[in-house]
Amino acid sequence: MIPVSHFLVMAAVLFSVGALACMSRRNAISVLIGVELMLNAVNINFLAFSRATGSDSEIGFVFVVFIITIAAAEAAVGLAILLAFYRQWKTADIDRARMLQG
Amino acid sequence: MAGCSSDEVGPSASPSAATRGGGGEVKIGEILFYLWSFLTIGTAVAAVTLRNLYHCALTFAASLFGVAGIFLYLGSEFLAVVQVLIYVGAVTVLLIFGIMLTRNVMEKRQAVFNALLWPALGVSLFFFVFLSYSGWVWKEASQGRGGEGLFSDVYLLGPILLRPEKGFVFAFELVSVLLLSALIGAIVIARKEEN
């Protein structure tokens, strides 16, 4: 029986790798990859806690279903925004997205 | 990179079989878990650090496949299948389409990371230390409960989502509307404007 803490540590590694991509990559697609990795780490945490705690173990399951749905919607909208940005500025580098900075 | 993902196809079937078989097979399942999570984290690191975006997308798909295996270890086969279908199937294809549509000719010469690399490394190291410490000291509330304590049945999902006394009906309908509006919004945003 694998203890829950090992799942939690594994999800922590995945989350910090995703956070690193989210903060420091220049290409917008890599930032999206980082966001998805963070969401997956959160999903692992939800399932691990729902296995570890007692009676209401289906709550974490339902939350993971919702998170997966919202992550799919987020990927679609994010890539659409990326396409619109690329069409206007001819680059996928989100450090160039400074139009709102004034 | 294709070899990397095909390497992981082999042990993918074994975790569920190993966790279900009791007795001496559990040890093999545990060893496979650590190997499996190591592969997952390794492909995630590759997806974050590689220069070529195609390689990033492929290793990202391998990492999501690994997360599906972790879901199997946590006792929910349905979510593992959903993970493979939605993430490995749909989101990765979306990402590859995005990469192909926005290919930049100057991409080769540009730096992979922006100027915030070192602060970002510090912040993510902080995340890692904080989260893994708080996960490591987590005491299991009910020791000895196996993975079978979590329901692993698709038949239960419908009543949980749709019975009013469970309280998820409104969220379920809301997330359906959200998904529809997000997809329509994605089409509207990505559409070429005609002047």
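User: What makes a residue part of the contact between chain A and chain B in this predicted model, and how many residues does each chain give?

Analyst: Contact means heavy atoms within 4.5 Å. In this predicted model, the contact takes 72 residues from chain A and 86 residues from chain B. On the side of chain A that touches chain B, the elements that give two or more residues are α1 (4-24), α2 (28-52) and α3 (58-89) of chain A, and α3(A) gives the most, with 25 residues.

User: What is the area buried between chain A and chain B, and which atoms give 77% of it?

Analyst: About 7,000 Å² is buried between the two chains, and carbon and sulfur atoms give 77% of that area. As for residue types, the side of chain A that touches chain B divides into 50 nonpolar, 14 polar and eight charged residues.

User: How many salt bridges does the rule find across the interface of chain A and chain B, and how many residue pairs are in polar contact there?

Analyst: The rule finds zero salt bridges across this interface, whereas seven residue pairs, with both residues at pLDDT 80 or more, are in polar contact between chain A and chain B.

User: Why is the pair Arg26(A) and Asp93(A) called a salt bridge?

Analyst: The cut-off is a side-chain nitrogen of Lys or Arg within 4 Å of a carboxyl oxygen of Asp or Glu; the side chains of Arg26(A) and Asp93(A) meet at 2.6 Å, N to O, so the pair satisfies that rule. The structure holds one salt bridge over all chains. Arg26(A) lies in the loop between α1 and α2 of chain A and Asp93(A) in the segment after α3 of chain A, so the pair ties together parts that are 67 residues apart in sequence.

User: Why do Asp93(A) and Ser63(B) count as buried?

Analyst: Buried means under 20% relative accessible area; Asp93(A) has 5% and Ser63(B) has 1%, so both count as buried. Ser63(B) lies in helix α5 of chain B and, not counting residues up to four places away in sequence, touches Leu14(A), Leu37(A), Thr40(B), Thr43(B) and Ala44(B).

User: Which residues have the most contacts inside the largest nonpolar core?

Analyst: This core has 68 residues, and those with the most contacts inside it are Phe7(A), Leu37(A), Ile44(A), Ile70(B) and Leu79(B). Among the elements that give two or more residues to the core are α1 of chain A and α5 of chain B, and α1(A) gives the most, with 12 residues. Leaving aside neighbours within four places in sequence, Phe7(A) is in contact with residues including Ile44(A), Phe33(B) and Ile70(B).

How values were computed
Residues numbered from 1 in each chain as written. Chains lettered and ligands numbered in written order. Predicted model: local features only at pLDDT ≥ 70, side-chain atom pairs only at ≥ 80, totals over all residues. Heavy atoms only, no water. Buried area = accessible area lost by both parts, 1.4 Å probe. Polar contact = N/O pair within 3.5 Å; in protein donor to acceptor, adjacent residues only side chain to side chain. Helix = DSSP H or I, 4+ residues; strand = E, 2+ residues; numbered from the N terminus. Nonpolar A, V, L, I, M, F, W, Y, C, P; charged D, E, K, R; others polar. Core = buried A, V, L, I, M, F, W, Y, C linked by side-chain atoms within 4.5 Å. Buried < 20%, exposed > 50% of the residue type's maximum accessible area, 1.4 Å probe, protein only.
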